[in-house]
Amino acid sequence: MARMKMRMVLFLAIVSLLASAQTAKPAATAAKPATNKSAKAAPAVYPMQEGFVDSGGVLIYYKTLGVGKPLMIVHGGPGASHDYFLPYLLPLARHHRLIFIDERGSGRSTKAKDVKDYTVENMVEDVEAVRQGLQLGKIDLLGHSYGGVLAQAYAFKYQQNLNHLMLCSTFHSTKELNAVFVKMLNNMPAELRGRIKKMEADGLYGHGKEYEKNRYTNDYMIAAWGEGYFPYLYQNHPDPNYDPTNFSGTSWDLYREMWGSNGEYIIDGNLVSVEYADRLPKIKVRTLITVGDHDEVDPSIAREMNSLIPGSKLVVLPKSGHMTFVDQTEMYLDAVDGFLKGKN
């Protein structure tokens, strides 16, 4: 009997211990090793996407990279490509989704069937096709040189699709730019001016071997784009790789249709239609205008545009030619980035 009681006591004690173990809080887990505060974060990666958007039968090349709100960038020429922006504008990809395009007939985009289709108005529709095709919603739009003309024309028709507009080293009046070219010619050494005028009088196309006949001669490119333009292209950081005869990427049929056939110092192609002074006051979107103090497109034109666009901001970059983002890269990027972030 005594043994039975003892076994019962032991049984109850064991049951009590098991119950206590089940209800007790678990022991603290081992402490995690301390993080290495000196360890560097993984480098940021900005994947690039490229493709084509079909704009009424013309395939428009695009390249996107970066994070943030969409910033579409349109190039100059007319007839160049987006390549000359690189690598200078790439830092903007840290805060903006960059969309570079090659305009119709330029770069990697396909050519129009008829050169008469190379117009500012058709290129406006190409920009809109890319915006719609990539489902970008409202965009920021930056245009450099001729691209600034295209950006203005886009704003006239599709202002409701814009958050910000940036017009860089561009013009709103072909007549005013042609007047600048006259002054540029008059300020040249007499020998250079005489050389250029003689080649223009002899005709700029149809010379040399068969493969050379549909473009400027090398002598003219050296005189006009080298000796004549170079002081207005670069000031602070001249590109050591600049070669006035190496314009293999130029779309000559497009260039001739839009700029004209009579030389660099007069626009007499279909860009003569660019007379926007009376339309600029209708732009209500926030607008930044940039220009170099030694720009090929004289700063006086930028100042007039600034006076015509309500509330627009003007930035004149010092020691800069037409390629402001090359001459003053950090200043240019700060101006654009700050403007888009509302800091200036």
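**A hairpin, a core and helix 5**

In this predicted model, strand 1 (residues 48-55) runs antiparallel to strand 2 (residues 58-65), and eight bridges link the pair. One of these partnerships joins Gln49 to Thr64 of strand 2. Two residues lie between the strands of this hairpin, where Gly56 adopts a positive phi near 60°.

Attention turns next to the interior. The largest nonpolar core holds 98 residues, and the members that touch the most others are Val120 and Tyr265. Helix 3 (residues 146-158) makes the biggest contribution to this core, giving nine residues. In soluble globular proteins, nonpolar side chains tend to be buried together. Beyond its neighbours within four places in sequence, Tyr265 is in contact with Phe181, Met184, Leu185, Met188, Ile196, Glu200, Tyr220, Ala224, Gly228 and Tyr229.

One of these contacts, Ile196, also serves as a way into helix 5, where Leu192, Ile196 and Met199 are buried. These three residues lie on the same side of helix 5 because they cover an arc of only 65° around the axis. An α-helix has 3.6 residues a turn, so residues three or four places apart point the same way. The buried residues of helix 5 pack against helix 4 (174-186) and helix 6 (218-228). On the other side of helix 5, by contrast, Ala190, Glu191, Lys198 and Ala201 are exposed.

As for its dimensions, helix 5 (residues 190-202) comprises 13 residues and spans 18 Å from its first C-alpha to its last, close to the 18 Å expected at 1.5 Å a residue. Gly203 follows helix 5 and has a positive phi, near 95°.

Key:
Residues are numbered from 1 along each chain as its sequence is written. This is a predicted model: local features need pLDDT of at least 70, side-chain atom pairs count only at pLDDT 80 or more; totals for chains, interfaces and linings use all residues. Side-chain values use heavy atoms; hydrogens and water are left out. Two strands pair if DSSP finds at least two bridges between them. Helices (H or I, at least four residues) and strands (E, at least two) are DSSP runs, numbered from the N terminus. A nonpolar core is a set of buried Ala, Val, Leu, Ile, Met, Phe, Trp, Tyr and Cys residues joined through side-chain atoms within 4.5 Å. Buried means under 20% relative accessible area, exposed over 50%, partly exposed in between (1.4 Å probe, protein chains only). Contact means heavy atoms within 4.5 Å. The expected span of a helix is 1.5 Å times one less than its number of residues. The arc is that of the directions from the helix axis to the C-beta atoms.
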